[in-house]
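Let's take a friendly walk through this model and look at how its chains meet. Have the sequence and the 3D view at hand as you read.

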There are 4 protein chains.
Amino acid sequence: MINLSNRYTDLAIEAHEIFMNSSEAKQQAKEGKTPPGVVIENAGDEDVKITRVHITSRTGEASIGKPMGNYITLEVPELKDNNEDVNKKTIDAMAKELRDILKLKEGSTTLVIGLGNWNVTPDALGPKVVSNLMVTRHLLQYVPEHVDEGVSPVCAISPGVLGITGIETGEIVKGVVDRLKPDALIAIDALAARSMERVSTTIQIADTGIAPGGGVGNKRMELSEKTLGMPVVAIGVPTVVDAATLTNDAMDLVIDSLMNESPKDSGFYNTLKDIDRDQKYELIKEALNPFVGHLIVTPKEIDDIISRVSKVVANGLNMALHQGITLGDVGRYIN
Amino acid sequence: MINLSNRYTDLAIEAHEIFMNSSEAKQQAKEGKTPPGVVIENAGDEDVKITRVHITSRTGEASIGKPMGNYITLEVPELKDNNEDVNKKTIDAMAKELRDILKLKEGSTTLVIGLGNWNVTPDALGPKVVSNLMVTRHLLQYVPEHVDEGVSPVCAISPGVLGITGIETGEIVKGVVDRLKPDALIAIDALAARSMERVSTTIQIADTGIAPGGGVGNKRMELSEKTLGMPVVAIGVPTVVDAATLTNDAMDLVIDSLMNESPKDSGFYNTLKDIDRDQKYELIKEALNPFVGHLIVTPKEIDDIISRVSKVVANGLNMALHQGITLGDVGRYIN
Amino acid sequence: MINLSNRYTDLAIEAHEIFMNSSEAKQQAKEGKTPPGVVIENAGDEDVKITRVHITSRTGEASIGKPMGNYITLEVPELKDNNEDVNKKTIDAMAKELRDILKLKEGSTTLVIGLGNWNVTPDALGPKVVSNLMVTRHLLQYVPEHVDEGVSPVCAISPGVLGITGIETGEIVKGVVDRLKPDALIAIDALAARSMERVSTTIQIADTGIAPGGGVGNKRMELSEKTLGMPVVAIGVPTVVDAATLTNDAMDLVIDSLMNESPKDSGFYNTLKDIDRDQKYELIKEALNPFVGHLIVTPKEIDDIISRVSKVVANGLNMALHQGITLGDVGRYIN
Amino acid sequence: MINLSNRYTDLAIEAHEIFMNSSEAKQQAKEGKTPPGVVIENAGDEDVKITRVHITSRTGEASIGKPMGNYITLEVPELKDNNEDVNKKTIDAMAKELRDILKLKEGSTTLVIGLGNWNVTPDALGPKVVSNLMVTRHLLQYVPEHVDEGVSPVCAISPGVLGITGIETGEIVKGVVDRLKPDALIAIDALAARSMERVSTTIQIADTGIAPGGGVGNKRMELSEKTLGMPVVAIGVPTVVDAATLTNDAMDLVIDSLMNESPKDSGFYNTLKDIDRDQKYELIKEALNPFVGHLIVTPKEIDDIISRVSKVVANGLNMALHQGITLGDVGRYIN
């Protein structure tokens, strides 16, 4: 479910960047301190850059504006180009990170939830990932003799969104979880990023639970390890930037660029420095009115991109959950 | 979920026809008796012929091979032709029959389930009906001021099939029902008919509950008024005939036709009379092997037909459930 | 084919507005003159506002930046809301304007071209309109006895785009036109607007020919009454605004708003007044780099909107081309 | 375009089988002769069985009921199972056979035509293959520096069917060929088989030209090397069996089976032997009336099967036409 609230980002890595640009963090940096409650780890390479943001305390939570937990980001600039080698590296890296964060015992049952609206192209990522998953729980139950060694029970649903079902998505998921009692829950969702460069090139894996839905002002139901007593991992890929954020950021870049060209003591420079950036954001929102919150910015080729990225994410899941399987085996299990 | 078992029909009206052709029923007829435990009512007109089969006792159940309850059939030969006038008559008739069988109080919440596999064209009827439904429960909850007078809370899900989700469909439905506690449950499903003439021209409404799924030999979960304590109505439209049934029926017609042409005392006539029709059916199944049970016969234009019939069935539901609404209002509520 | 060039608009009505805001036009207005070579007519009502821009001379052509000819715009703010009454008014108005501009004799053959890429949601308008058209040429040729009175021969193709076919779209259209020799050519296409308010609410009908394709820097093939010797009418609906245009316009509004709040003689006011708006646009394009030209802004619900608007435009065409037909008859002709 | 005429098969290999079962051919065989004008070559292995039927004279043409020319059949029982190894072997074998039959010079331009109706699942094979093709003609024309060594100019269209366009498909293809003047024409189409076992497991490559369309009794336009002066290759995969054929064949099997069980001199045996099999076929057609010619038999999973087989056929084409390319490169060229 794409959240288009103001200046919002679903990505912990972006939230961290925003914090590191704040005067508070800059002050800390000057004093040689790192922000308390936030640990950053880097891994991967140029093709697949891995950043692990661990928020370890309430202070870290307050700084970054995201709940305590672990957020792993895979940045893959070529993810939208359908390069087979890069896809394979991404799938391998994603499978490894996912296994590390899930720590499932062999034979555990995983329920995968494809969040989002299949009728809205950039929101359809979750359902599309689910349609490329190796769903095996029923095979292990009814025809175990036809299932390869090393295949674990995976089941999956795409519950739709409130506007389609009339039911809070969290209610549907909770109903199914209560009956099925899986060992782990994984939710896939399309996200909103601040930066256009992250759209369709970034995969975030987080173990902080999910709160599907939102929208009409309803209180959302949190599904997390705390409330469910099982690992709850959210996997997201940004597919849009909201129009007000893009406009605002572009405007900041323009103002910065104009300031750089002006002598530092000119009236012009000072004027620009004085522009109240919060006020500006409000003005942009008004200018985009009555569409604000509904307007999205997206690459023109978003239909194709979603379908490619969904396959990569699905295969990352397939390789993580079925440890005896190679990519070549997947085809025989996909309907 | 299309059931392709031998000689099976999902339609009570066809099961009744088969029974009426049995020697038992013919004997009863000779004696001027009607079969006990079965009451037939006819209504409607040439465009929309309505037959109500009421199975009222265990004896009736045994004769017809369908559980006790009420089965209403709308036969609309022009249903697949997209004739606007006939569509409207069908919608009105269906809405009336459905209201009579549901007997809901105003303001009751209905949960509609679109059964079947959206990836298999003739099995996609249920999900397609759901996508044309006026889903309103969330609107009445969050923005009642934007909802017309006479709109009742309706919610809907298409839970998929076992092969897609790895979960018994009944488990998903039960999980959602347990959390939501609606006042009535309506399930829409594609059916298999015996007769090609009934494909895409017949709507069956039954109050005997549903047992979604089947397939790999699993015991199916019954969802009925008895098990759930609320009205459970199944609405079905036949979209296929299984290939073995069609072949068998065609062969019977050929044999009958050959017999009619032969002198009644000829060896040829007697030979044909002696063909064991059960053995013949087994032979046909072998001949169609290894495909039997998976081969379907369907009109070439099934994709279009499903999409038209789905709209009619959805509007029948819309008119039945939202009594203050006309067909012209529906558009504003469909996403 | 959505054109996302700088500050571009496909709508003559927007090009006219831009011109009327130019210093040249303001000067003319002061002198009580109207711009030469441009005639504006208004019609319609609040639901469906009709504006006819007639560019009648080279001078008008130069002012507006659009070729000489007639451009009719239907502005229907509720077009995206699926209001049945407004839809019907739009269809009637569109049919009337189209008939007036086409001036076809009875029995004339029309070839309708659905331009655009069916894989890119906001570019799929043309192909979607074609799929809702009453295509009748073959019926009149082979089974005229099954065709209603007042149905004219209509045929239609969706030729795809260069990236899908590897062929200039104009070449495909020209090849078909040369063999078929229809009496009129109508092309349907998704457009880019400057203003988000016009997206999915505006229908433009123009008789100035089409030049399908564009893109990779190729010279486009003009198809017009001049080159083909038959009426060539283009029907377009804006479905996107390009991101740079939106950002630029939003920024202008912000600057205007800041200026309004500043005292007219303050340094701040003067600084803002001095911002070079052309330079600003270049800076925005850089800021959106490397995506510029590919980023689109679109309502989140664009998939649904396109499918609704396509039906209205198709029915406008159906009512214009088949004069003996009512909306209730269309269903029987659509596959 | 699926042809469902009586007892028809699009496959030369089936037509040859039928002929070999005729009394004429059996007589020739007894005399130790092979049928004149027909040469059969076998190749391949158990996974991918290759049969080349060469019809070399008018006599062969009359025997088999197919025009003179070369028909290559790949039989791949596992083609519908999505086994990656078998898929790769099929792609390689298809590419090799296709190159041998096309004999194109390097740099030749190929136009691929995806025949069939994209709205009818089993008829959508051609358009689906086209959507998985490496279309490159425009890239070589406009951005040759971004194209790999060994990529040849390929362009492709899916012209639709008469019922969608109102235009004979042959007219559209001819119009495009006349403007484009490619060096070779390849048409992809869904076929009807006699035997259910061949559905979705067989690929036929023939160099005898195509006659797209048919249907409403129209004379079809032949597109062949003779009429166009360039190689014209048709690639087809059977996706359906028509219901009358299936019923008839099943009935023959039943009769044969009953005969085998009867003593050879019994009246029963003789009666069955006397059944006029032509009369029987007519009776079946009557029994299936009014649907005959429109009823198809198809595996329930046809939607998935079509989409898998399309990818294999498309990659066979990609490997045949772009000789410097491996399967791993294809992704970067597909939209």
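This is a predicted model, and a good place to begin is where helix 8 (residues 169–180) of chain A packs against helix 8 (residues 169–180) of chain B. The angle between the two helices is about 115°, and their axes lie 8 Å apart. If you turn the view to look at how they pass each other, you will find that helix 8 of chain A makes a right-handed crossing with helix 8 of chain B.

Which residues make this contact? On helix 8 of chain A they are A:E171, A:I172, A:K174, A:G175, A:V176, A:D178 and A:R179. Helix 8 of chain B brings B:E171, B:I172, B:K174, B:G175, B:V176, B:D178 and B:R179. Sorted by character, the residues of this helix 8 contact between chain A and chain B comprise eight charged, four nonpolar and two polar.

Now move over to the place where chain C meets chain B. Here 12 residues of chain C and 12 residues of chain B are in contact. Together, chain C and chain B bury about 790 Å², with 36% of that area on carbon and sulfur atoms.

What holds for polar pairing across this interface? The count is two residue pairs in polar contact between chain C and chain B, both at pLDDT 80 or more. Zero salt bridges are found across the interface of chain C and chain B.

On the side of chain C that touches chain B, helix 13 (302–321) and helix 14 (327–330) of chain C each supply at least two residues. That side of chain C divides into five charged, five polar and two nonpolar residues.

Technical notes. Residues numbered from 1 in each chain as written. Chains lettered and ligands numbered in written order. Predicted model: local features only at pLDDT ≥ 70, side-chain atom pairs only at ≥ 80, totals over all residues. Heavy atoms only, no water. Axes fitted to C-alpha atoms, helices over the stretch in contact; angles between N-to-C directions. Helix = DSSP H or I, 4+ residues; strand = E, 2+ residues; numbered from the N terminus. Left-handed = near helix turned anticlockwise from the far one by under 90°. Contact = heavy atoms within 4.5 Å. Nonpolar A, V, L, I, M, F, W, Y, C, P; charged D, E, K, R; others polar. Buried area = accessible area lost by both parts, 1.4 Å probe. Salt bridge = Lys/Arg side-chain N within 4 Å of Asp/Glu carboxyl O. Polar contact = N/O pair within 3.5 Å; in protein donor to acceptor, adjacent residues only side chain to side chain.
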